[in-house]
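Me: I would like to go through the charged side-chain pairs in this protein. Could you take a look with me?
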Amino acid sequence: MIKVGILGATGNVGQRFIQQLAGHPWFEITALAASERSAGKPYEQVAKWRLDTDLPEEVRELTVVPTKPEAVDADLVFSALPAEDAIKIEADFAKAGMVVCSNASAHRMEKDVPLVIPEVNPEHLGLIDVQRKKRKWDGAIVTNPNCSTIMMVVTLKPLMKFGIENIHVSTMQAVSGAGYEGVPSMAIIDNMIPYIGSEEGKMETETLKLLGDFDGKQVKEAPFWVSAACHRVGVLDGHTMSIWARFNKKVTPEKVKDAFLKFDPKLSDLPTSPKKAIIVREEPDRPQPRMDRMQGNGMSISVGRIRAGKADSIQYVCMGHNTIRGAAGASVLNAELLKKKGYL
Ligand code: 11C
């Protein structure tokens, strides 16, 4: 078993990490790290468990440690730290020789840091060798994208063969994406908020890195643009988005549907990988968060309403579980890919 720790273990995504890793066939949770305030006490005393499954037995009495490499006994750490803390702390862990699988945005766009979705760009893990040489450390930082970016980019991957010209996307994002403060405030009931910090910029830039070509030394960004509008709506879990895709050649809705149906990233040997990366819904009122977010144990992306739009666009809706597929599950899948490729 590979010993793994979780940085930021008491928060929203930290709890999802615990849920994803409990009973994992390759990884054993040996350290839960959080702020100094929580350190020194058993996890069940300091973390108010908010998920709908029981707090796993194996972590209840684990003593929470500070987010410092010398306090964490692990080979790999998952990071659910806020971006402002992740900048330094994740680098400290990599310097200490540990592999960091990070859900934080802090290092995503650095040129020598892999930004990876296993279904999309597994070959970008090769940036680890560039990173180790440049930064002179034995560990590594590997990142997964923002949750909305993940949903969209998994569906864009099978469409790359048509030559994407540009993408417009408008999101409807769940309150759990805003962390615990967002949920109890309930400011979102009978309301929506047409602004989510730097979310639009992340969707526009991360997409081009993910779908770019890696030549063994660097990633060359994909040659199209993305225009995003992001909105917070009164849904607990599950980000939905409407996408308008335009291509360099004539593409029909039937061809797009066929590309989604045939998409097989061949990851069935990774325990967290769902049977189907993309599920196509035929019903005109699907996908819906409450009905579809747990497809593939929360790891499948559901699409629907594939149709011809104006200005030669193809329109469709996609939806996925933001804190599983879009966060903790994404990082765990990256760690499984790292093991498969011999980096652990
Ligand atoms: C949200 N997507 O729903 C955000 C949260 O870059 O990982 C995650 C931000 C990120 O508010």
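Me: Is Asp 112 buried or exposed?
Reply: In this predicted model, Asp 112 is buried, with a relative accessible area of 3%.

Me: Which side chain does Asp 112 meet in a salt bridge?
Reply: Asp 112 pairs with Lys 134, at 3.8 Å from N to O. Asp 112 lies in the loop between β5 (99-102) and α5 (127-135), and Lys 134 lies in helix α5, so the salt bridge ties together parts that are 22 residues apart in sequence.

Me: And Lys 134, buried or exposed?
Reply: Lys 134 counts as exposed, at 57% relative accessibility.

Me: Which residues are linked with these two in a network?
Reply: The network of salt bridges links Glu 110, Asp 112, Lys 134 and Arg 135.

Me: Changing topic: how many salt bridges are there?
Reply: The count comes to 19.

Me: What does Lys 68 pair with?
Reply: Lys 68 forms a salt bridge with Glu 36, and their closest N and O atoms are 3.0 Å apart. Lys 68 is in the loop between β3 (65-66) and β4 (76-79), while Glu 36 is in the loop between β2 (27-34) and α2 (43-46), so this pair ties together parts 32 residues apart in sequence.

Me: What is the accessibility of Lys 68 and of Glu 36?
Reply: Lys 68 is partly exposed, with a relative accessible area of 37%. Glu 36 counts as exposed, at 52%.

Me: Last one: which side chain does Arg 286 meet?
Reply: Arg 286 meets Glu 283 in a salt bridge of 3.8 Å, N to O. Arg 286 is buried at 14% relative accessible area, whereas Glu 283 is partly exposed at 29%.

Methods. Residues numbered from 1 in each chain as written. Predicted model: local features only at pLDDT ≥ 70, side-chain atom pairs only at ≥ 80, totals over all residues. Heavy atoms only, no water. Salt bridge = Lys/Arg side-chain N within 4 Å of Asp/Glu carboxyl O. Helix = DSSP H or I, 4+ residues; strand = E, 2+ residues; numbered from the N terminus. Buried < 20%, exposed > 50% of the residue type's maximum accessible area, 1.4 Å probe, protein only.
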